[in-house]
Amino acid sequence: MDRTDSELLETIAGLHDIPEGSFNIRKNGKLMARNSTSDIEIVPKKDKDGIDIIVKAGVVNKSVHIPVLLTVGDFKETVYNDFFIGKGADVTIIAGCGIHNDACGDAEHDGVHTFHLEKGAKVKYIERHYASGDGTGKKSFDPVTKIYCKENSCFVMESTQLGGVTSTVRKTYATLGKNAQLIVKEKILTDNDESAVTDFKVYLNGENSRADIVSRSVAKGSSVQKFGSDLVGKNECFGHVECDGILLGKARIVSTPKIDAVSPEASLVHEAAVGKIAGEQLMKLMSLGLTEQEAEDAVIKGFLN
């Protein structure tokens, strides 16, 4: 790995070197490194780009890293990864993609990730997107996440996009069975002419299923963000979506909620708040010796944390 590879890996996956355990590292459309264990097997697909990640039943306190790096321009790829999480397993999956583009051609990575959780399984899925480079070419991501949760399973998703991404369209679909849970924490920062679109569609099919989706975003410059959510309650269930955004400069944030209580026992809630940083917040911090820019940065950091 060169210095750029190392910096990208650290940013998107918290890695300083090749990790232990199961992992799959991809760079510029090719395999960089892979390892399977007796608990978590990684198998390349034969019909298209991508892998199957198979977690055996009962496996707990294990993790798998599957980062992707792009360091060239004029390159686009779509990768299909399927995750099969065995009954009662409890694992952490660290994904994400880092792009460094110094070229005039566009660089784009689209990952289609499909999760199949058996009864009682739990997944913590950490997805980070980051881009850098001084080229005029775009740096784009269009990830799709599909989640199928069986009875008593739980899927926790932490999605982060905090810099340099020209455009992204992020789609998440989930179907929840009896007593299944979906918990999502999303953080997005855009600047300049960047754009970010987030779209959630969640089917609460099972009795006592639950979804809690919280999105926090900051739009700066002339960037545009669009947040959409669609909760469908088909049983006695609870669904909550919260979208909070801070606007700076000439940026825009559009939030479009949709809730559909198919069952009269469904309880669905959507909250949205978009606005500028309160002047009294900045004044208080500036009275402590911070400049206006430092005060603004402190508010944003605290908000996104």
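Is Phe115 buried or exposed? Phe115 is buried, with a relative accessible area of 0%. The close-up views below come from a predicted model, and Phe115 is a good place to begin.

**View 1. Phe115 meets Phe155 edge-to-face.** The structure holds five aromatic pairs. In one of them, Phe115 and Phe155 are arranged edge-to-face, with 4.8 Å from centre to centre and 65 degrees between the planes. The pair brings together distant parts of the chain, since its two residues are 40 residues apart. Look for Phe115 in strand β10 (residues 107–117) and for Phe155 in strand β14 (residues 154–161). Phe155, too, is buried, and its relative accessible area is 0%. Phe155 counts as buried because its value of 0% is under 20%.

**View 2. A cluster of aromatic rings.** Step back a little from Phe115 and Phe155 to find their companions. Ring pairs join these two residues with Phe83 and Tyr125 in a cluster.

**View 3. Lys48 over the ring of Tyr80.** Here a charge and a ring come together. The charged end of Lys48 sits over the Tyr80 ring, 4.5 Å from the ring's centre.

**View 4. His100 and its surroundings.** His100 belongs to strand β9, which covers residues 97–100. Its side chain and that of Ser132 are joined by a polar contact of 2.8 Å. Leaving aside residues up to four places away in sequence, His100 touches Thr4, Leu8, Leu70, Thr71, Val72, Ser132 and Gly133. Ser132 is thus worth finding in this view: it appears among the residues that His100 touches and is the partner in the polar contact.

How values were computed. Residues numbered from 1 in each chain as written. Predicted model: local features only at pLDDT ≥ 70, side-chain atom pairs only at ≥ 80, totals over all residues. Heavy atoms only, no water. Helix = DSSP H or I, 4+ residues; strand = E, 2+ residues; numbered from the N terminus. Polar contact = N/O pair within 3.5 Å; in protein donor to acceptor, adjacent residues only side chain to side chain. Contact = heavy atoms within 4.5 Å. Phe/Tyr/Trp six-rings, centres within 6.5 Å; stacked < 30°, edge-to-face > 60°. Buried < 20%, exposed > 50% of the residue type's maximum accessible area, 1.4 Å probe, protein only. Lys NZ or Arg CZ within 6 Å of the ring centre and 35° of its normal.
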